[in-house]
Amino acid sequence: MLPLFKKCAEFTKPAEIRALGLYPYFHELQSRQDAEVIMEGKRRIMLGSNNYLGLTVHPEVTAAAEEAVRKLGTGCSGSRYLNGTLSMHVELERELAEFVGKEAAMIFPTGFSSNLGIISAICAPGDYIFCDRENHASIYDGCKLSGARTMVYRHGNMDMLRERLASVPSEAGKLIVTDGVFSMSGDIAKLPEIVELAEEFGAAILVDDAHGLGVIGEGGRGTASYYGLSDKVDMIMGTFSKSLASLGGYMAASAAVTDFVRHTSRPFIFAASTPPAACATALTALRVIKAHPERVERLSHLASYLKEKLLALGVPITETPIPIIPIHTRDMITTLRIAKTLFERGVYVNPVLPPATSPDDCLLRVSLMASHTEALLDEAADIIAKTLDEEGLLCENAK
């Protein structure tokens, strides 16, 4: 074996989990991404999708994708810089900027490349980035690509963030970057405190609102809107693959910052542009959200409904104000075993394992859609409670 591939032969963890019959990944879908799916030939209640508003199957959204392919073809075959800019791209950027309260926006091929492209363009050697420990992997990779010095602070620890900010030269370029909604724990960033610290120390703020858009804030406008701080956040990043039911990402900021990133970001310049169907899907989904804020309210109602049900059944959850519900299952093998049993009983959830958690604090991540019904959630909750009871994990005072 070539020396380069030695690490591949020594990578045995997936095989070990498969040998236990507990491998939880790459389950195959045979249906649309919806509240109920057909996965590996059987019906499952989908409680593991980021399709928060259920728009992947909305008739206006799917019709827009079909029409875009008929009118514009399947791809742009070039970068935005050259032959790959559609009028629809510009239209989507304009409407995104307006929706989140910024002067301008630009779209990237994926959410992951958005963070790579924004951070590596804005920050450079000699600058400092202050990063919440639980930020998304794409943020960490963007920090590495930038060459700036990255200073990590404990999750949500504003005292530690203050210490980090105070430790660097006052004249240095500084960026505080945080998830708006943390996708595993369901926490919301402490944006009011972050804004105060940014103003005190002369730092810019980037909020990754991948899990905030369509979920919180006025009409689903995200984390900054949730706190009434849209004018205090310098850059807002988001994705199309969650509430916007498509694939891609964006940055919204001032016109000057947007124009700078548009002309200096390598992950933007050297990537093919978003295909017509994906762009049309995101644009139409955005318009559905604007026209129907009750979908956001429905999602919030369902989240509260399921949390109350699970708590009443004794399921050990973390209560959050968003439609992500962590169920605490402790160690990795127990978590994998519960996830498998739930899957076999017709409920799909996501196991969250190290390094995303500590070894003794693994969890199951439940996420909701506005298209769920109370009846589906009742069915799922009963199955979850039964399965955790068999593992001895229900809270004693609620049994």
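Where does glycine 78 lie? Select this residue, and the view falls on the loop between helix H3 (59-72) and helix H4 (87-100). Helices here are DSSP runs of H or I with at least four residues, strands are runs of E with at least two, and both are numbered from the N terminus.

The model is predicted: local features need pLDDT of at least 70, side-chain atom pairs count only at pLDDT 80 or more, and totals for chains, interfaces and linings use all residues. Residues are numbered from 1 along each chain as its sequence is written, and side-chain values use heavy atoms, with hydrogens and water left out.

**First stop: glycine 78**

Glycine 78 has a relative accessible area of 11% and is therefore buried; the term buried stands for under 20% relative accessible area, exposed for over 50%, and partly exposed for values in between (1.4 Å probe, protein chains only). Next, add threonine 274 to the selection: its C-alpha atom is separated from that of glycine 78 by 9.6 Å, although the two residues are 196 apart along the chain. Leaving aside neighbours within four places in sequence, glycine 78 is in contact with Asn83, Gly84, Ala271, Ala272 and Ser273, where contact means heavy atoms within 4.5 Å.

**The whole chain**

Zoom out to the full chain, which has 15 helices and 13 strands. The C-alpha trace spans about 55 × 55 × 55 Å along its principal axes. For 399 residues, a compact globule would have a radius of gyration near 21 Å, and the 22 Å of this chain agrees; the radius is taken over C-alpha atoms, and the globule rule is 2.2 Å times the number of residues to the power 0.38. Of the 399 residues, 54% count as buried. Among contacts with a separation of 6 or more, 70% come from residues 24 or more positions apart.

**Serine 243**

Select serine 243, placed in the loop between strand E8 (235-239) and strand E9 (249-253). Serine 243 counts as buried because its relative accessibility is 2%. Its side chain reaches the backbone oxygen of leucine 213 at 2.8 Å, a polar contact (a pair of N or O atoms within 3.5 Å; within protein, one must be able to donate a hydrogen and the other to accept it, and residues adjacent in sequence count only if both atoms are side-chain atoms). Beyond its neighbours within four places in sequence, serine 243 is in contact with residues including Asn50, Tyr52, Val215, Ala285 and Ile289.

**Leucine 165**

Move to helix H7 (residues 158-166), where leucine 165 lies. At 1% relative accessibility, leucine 165 counts as buried. Not counting residues up to four places away in sequence, leucine 165 touches Phe130, Lys174, Ile176, Leu197, Phe201 and Ala203. The C-alpha atom of isoleucine 129, 36 residues away along the chain, is separated from that of leucine 165 by 9.4 Å.

**Helix H14 and its ends**

Select residues 332-344 to display helix H14, whose 13 residues reach 18 Å from first C-alpha to last, close to the 18 Å expected at 1.5 Å a residue; the expected span is 1.5 Å times one less than the number of residues. Which residue caps the N-terminal end of H14? Aspartate 331 does, with a side-chain oxygen 3.2 Å from the backbone nitrogen of isoleucine 333. Within the helix, Thr334, Thr335, Leu336, Ile338, Ala339, Thr341, Leu342 and Phe343 are buried. Just after H14, glycine 346 takes a positive phi of about 100°.

**Salt bridges**

Stay on H14 and show the side chain of arginine 337, which meets that of glutamate 391 in a salt bridge (2.8 Å, N to O). This pair links distant parts of the chain: arginine 337 in helix H14 and glutamate 391 in the segment after H15, 54 residues apart. A salt bridge is a side-chain nitrogen of Lys or Arg within 4 Å of a carboxyl oxygen of Asp or Glu. Arginine 337 is partly exposed at 33% relative accessibility, and glutamate 391 is partly exposed at 26%.

Then select glutamate 379 and arginine 43, whose side chains form a salt bridge (3.0 Å, N to O). Here the link runs from helix H15 (residues 374-390), which holds glutamate 379, to strand E2 (residues 42-46), which holds arginine 43, with their positions 336 residues apart.

For a further selection, take Glu91, Glu95, Arg287 and Lys290, which are linked in a network of salt bridges. The tour may end with glutamate 10 and lysine 6, a salt bridge with its closest N and O atoms 3.9 Å apart; both residues are exposed. The whole structure holds 16 salt bridges.
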